[in-house]
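This report describes selected features of one protein model. Please examine the sequence and the structure before reading on.

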Amino acid sequence: MGTGIPQTTFTAGELAPSLYGRVDLARYLTGLKTCRNFLVMQYGGVANRPGTRMLAEVRDSSKRSRLIPFQFSTTQSYVLEFGDRCIRVFMGDSGAQVVYPAGAANEGQPVEIAAPWGEADLPLLKYTQSADVLTLCHPEYKPRQLSRLSHYAWTLEEFANVNGPFEDINVDDSVTLYVSAATGSIKLTASADLFTAANTGQLLYIEQAPTEFIKKWEVQKAYGLNEVIRAGSNYYKCVAAGTSGTVKPSTLEGIEYDGSPGAGWQYQHSGFGIVRITGVTSATVATATVVKQLPSQIVTTTLTKAVTSVTLATGSGSDHLDVGCANHGFANADTITVSGVTGIPEANGTFQITVVNGNTFTIPDTTTTGSYSGGGTAVKALTAVPTYKWAFEAWSGDNGYPGATAYYQQRQIFAGSGGRPQTLWGSRTQGYKDFGAGVPILDDDAFSFTIASRQVNEIRHIVELTELLLMTSDGVWTLKGSQDGVLTPASANTKRQGAYGSSHVPPVAIGPSALYVQTGGSQIRGIGYSFQDDAYIGKDLTVMSAHLFRGKEVREWAYQCLPFSCVWVVQDDGSLLGFTYMQEQEIAGWHRHDSGNGVFESVCSVAGGAEDSVFFIVRRTVGGVAKRYIEKLATRTFGGIEDAFFVDSGLSYDGRNSSATTLTISGGVGWNETESLSLTASTALFTAGDVGDKVSFTWQDTVYKLTITALTGPNLVSVAPDRTIPAPFRATPFTSWSLERNVFAGLSHLEGETVAILADGNVHAPRTVRMGGVTLDYHAAVVHAGLPITAEVATLNLTVPGQNILDNKKLITKVSLICEASRGIMVGPDAAHLREHKGTVPLDGKAAPAATGTFEVLIPAAWDKNGTITVRQADPLPLAILALIPDVVIGGS
């Protein structure tokens, strides 16, 4: 008799072959040689992976798609299928595809949103979400915002940034600009080649020339109508003449008085304006729409007003002509040219005027003997002072668009454009689209910041932990604010935290730390703040299982917090890995997964209730044709064995009644199997296709079955009982019943494939899908059918802590397994020599339940130096191993 040497935890997962000799490592004692289609559980055991449910084929199976989560809350979530220039929507909890409701023009059709990104663009899409708005970035496209207006109504619009952000202001005074008007639709004219077609749609900042002089506002000074002054960094036009008060104008919109009564001032601009370019005529001329009013000093145009009257004014002082001109907009001492006046020829000419009010000005020192008879125009020529202080929007077709975005401290942050790869831009506080800043700059103004480093490496991700982490292609940086942690334009600063850069795969935040894929795609690092080092410290999480990553790259991943705390990783060769990770418990174990000929291409996870939902896109070859399916990972939590779902790309039939529909058995005399009875449903239930199927119910642990022999109507069928009907069910309505079938359709997505079947908790013989369906040997109420999953674990070569027995021969004749809710166990020294544990078969014909306890299996014994154990689950049944105890005899070397 040998000695039991237990392995009670498997939290290190599958270890690399290069560690097979490292029995000195603590992780060797908790590791496995093989962990295929098994999950490493947080409590230390391993459990076979649940299956995946087939949801839908992607919109176009000839092209790759990508899944992105849309998480409004823990109770409202969606999964978005991003395909080639199209988005489709699935429910996050059930996985049901969202379709247009009854009464809609496209009733029953999938909800689809047109999108600009093609198949090749999808890997570089980055995103962040706030409530019902998902912001999406791509370095070659203007950012977009996807908004959920209702369950069926979704919109995708360009991100409407205002007031910036802008490039640095031009300092070359030989390249100047002037404009045709301060508002509305205008023409831009440059002194040198400046515009390209890529500027269309772009914002342009224009500041008045620094040589332009405007008088400052003063206290107790008389101001005339339309006179322009400067107060601080803002410019105002007098709209109510008078003597100024003591309150300096400060409004940024509308009209403000500087005292009581004082003078009235209308805000004009802050020394600059903003336009959006609408077209490019040539390299020096473009058209634009004014977004923020431009300074009049950079405008070259003429202001023309109609003359409505001319009268001679005499009296004290010199004679002059009063000219009626509605809403003329002129100011004192303006030079005005009047022409076309008839009856008073003296009014025609060029004069320096005096403003009386908004509708009248005077031509001084002029007299006449005539009488105004009509006509006339008053023209003010505006000659610009061209300015070299201009700046294009930082994001454009030429310079590229930001490739990363996030929310932080009530700001929206963008970073990493093609032209400015190390620059990030932060919006105004609580103004997520406003990238403007005032003079002087305030703490809540927008800001931009460029990392100063030896190399130029793009910012690929923005991650919020204790601080904001900037993941670049060459390292990790923190972006900090002031001592109280608040990020402001004046306090923003960066500090390098590590020399390991990040790939384009978005990092995963888990508690106070984050996981990211290192540049190159074949290593995964964890990073978190260390109080001891006062820095963010990272470590390689793949080194112990490097064989799973060698020659491969991580393409996508998603974190499933509940119930497994597992990161699901899709690699570029289509393989799927799982990583059970709980840093606080020092649990970090890798496991690998496969699904027949399936190739995993995308994965995402959304939170929801007791379990997070995980979705995959799997490419499968069916009938020689490549198909891409969206599949949802099933739950591993089940009540009875009949609900266990351990097949891939599977579907279920559940004939158990869950409604208020009652059935009533009638027409009996002896109520036994020799009679034909009537079965009446309280609602329309039956069809002609039900003839030959069975209705079952249970009484005192005995299952009774009624075979449907004829259809009378949707509420009435004839049935043949398999035994005497118990008295409580005679002519008495009951709701606890099931409709059992043996022919199942709906499997056309697996046409020609051999499927595994669990029928009422019993393993049915495999069937090949023909004409989209399968026929069972017997009727069942709950049936799961899908591709089989083979799950297997193998232990490392046997060792004993503190002893060197690697070179000793070993004999294992028996293995004890401590299992939880398990059925269908095969054990052996290797995959070629497995023996099945024979469970107890219930005498009542029901399926054997999943059992918890210790199971002993005698295995083929032979002396060797390995001492490994292999456990396999090839049936669609659950298997969870808590501990594995081989009975070992240790010999000599």
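Which residue forms a salt bridge with R428? The partner of R428 is D445, and the closest N and O atoms of the two are 3.1 Å apart. Both residues are found in the loop between strand 37 (423-426) and strand 38 (447-450), 17 residues apart. The model under discussion is a predicted one.

## Salt bridges

The two members of this pair may be described by their accessibility. R428 has a relative accessible area of 21% and is therefore partly exposed, since buried residues fall under 20%. D445 has a relative accessible area of 4%, so it is buried.

By the rule applied here, the count of salt bridges comes to 36. One of them joins R64 to E601, with 3.5 Å between the closest N and O atoms. R64 is placed in the loop between strand 6 (52-57) and strand 7, while E601 belongs to strand 51, so this salt bridge ties together parts that lie 537 residues apart in sequence. R64 is partly exposed, at 23% relative accessibility, whereas E601 is buried, at 0%.

A further salt bridge is formed by the side chains of E792 and R872, at 2.8 Å from N to O. This pair links distant parts of the chain, as E792 is in strand 65 (residues 791-795) and R872 is in strand 70 (residues 870-873), 80 residues apart. E792 counts as buried, with 11% relative accessibility, and R872 counts as partly exposed, with 22%. Elsewhere, salt bridges that share partners join R64, E601, R619 and R628 into one network.

## The largest pocket

Empty space in a structure is located by rolling a probe the size of a water molecule over the atoms. What is the volume of the largest pocket? The value is about 1600 Å³. Its lining consists of 48 residues, and those nearest the centre of the pocket are P69, Y127, P506, P507 and V508. By residue class, the lining holds 26 nonpolar, eleven polar and eleven charged residues.

Several strands take part in this lining. Those that each supply at least two residues include strand 7 (66-71), strand 11 (126-130), strand 35 (404-408) and strand 39 (459-464). Strand 43 (508-510), strand 47 (554-560) and strand 51 (599-606) likewise each supply at least two. Strand 47 contributes the most, with six residues. Strand 51 is also the strand that holds E601, the salt-bridge partner of R64.

## Cavities

How many cavities of 30 Å³ or more does the structure hold? There are three cavities of this kind. The largest cavity contains about 50 Å³ of space.

The residues that line the largest cavity are L124, K126, P139, G403, G416, E458, I459, R460 and H504. They divide into three nonpolar, three polar and three charged residues.

## Two buried residues in loops

G400 is located in the loop between strand 34 (390-392) and strand 35. With a relative accessibility of 11%, G400 counts as buried. Beyond the residues up to four places away in sequence, G400 touches P139, A394, W395, S417 and G418. Of these contacts, P139 is also one of the residues in the lining of the largest cavity. G400 and V356 are 44 residues apart in sequence, and their C-alpha atoms are 53 Å apart in space.

S565 occupies the loop between strand 47 and strand 48 (566-571). S565 is buried, at 6% relative accessible area. When neighbours within four places in sequence are left aside, S565 is in contact with Q42, Y559, Q560, F579, T580, Y581 and M582.

## H591 and its surroundings

Is H591 buried or exposed? H591, which lies in strand 50 (residues 587-593), has a relative accessible area of 0% and is therefore buried, as that value is under 20%.

The side chain of H591 is joined to that of T580 by a polar contact of 2.9 Å. Leaving out residues up to four places away in sequence, the residues touched by H591 are C35, F38, L39, V40, C566, L576, L577, G578, F579 and T580. Among these, F579 and T580 are also in contact with S565.

Methods: Residues numbered from 1 in each chain as written. Predicted model: local features only at pLDDT ≥ 70, side-chain atom pairs only at ≥ 80, totals over all residues. Heavy atoms only, no water. 1 Å grid on protein atoms, 1.4 Å probe; cavity = no way out; pocket = protein on both sides within 12 Å on 5 of 7 lines; lining within 4 Å. Points joined across faces, edges and corners; volume = space filled by probe spheres on them. Helix = DSSP H or I, 4+ residues; strand = E, 2+ residues; numbered from the N terminus. Nonpolar A, V, L, I, M, F, W, Y, C, P; charged D, E, K, R; others polar. Buried < 20%, exposed > 50% of the residue type's maximum accessible area, 1.4 Å probe, protein only. Polar contact = N/O pair within 3.5 Å; in protein donor to acceptor, adjacent residues only side chain to side chain. Contact = heavy atoms within 4.5 Å. Salt bridge = Lys/Arg side-chain N within 4 Å of Asp/Glu carboxyl O.
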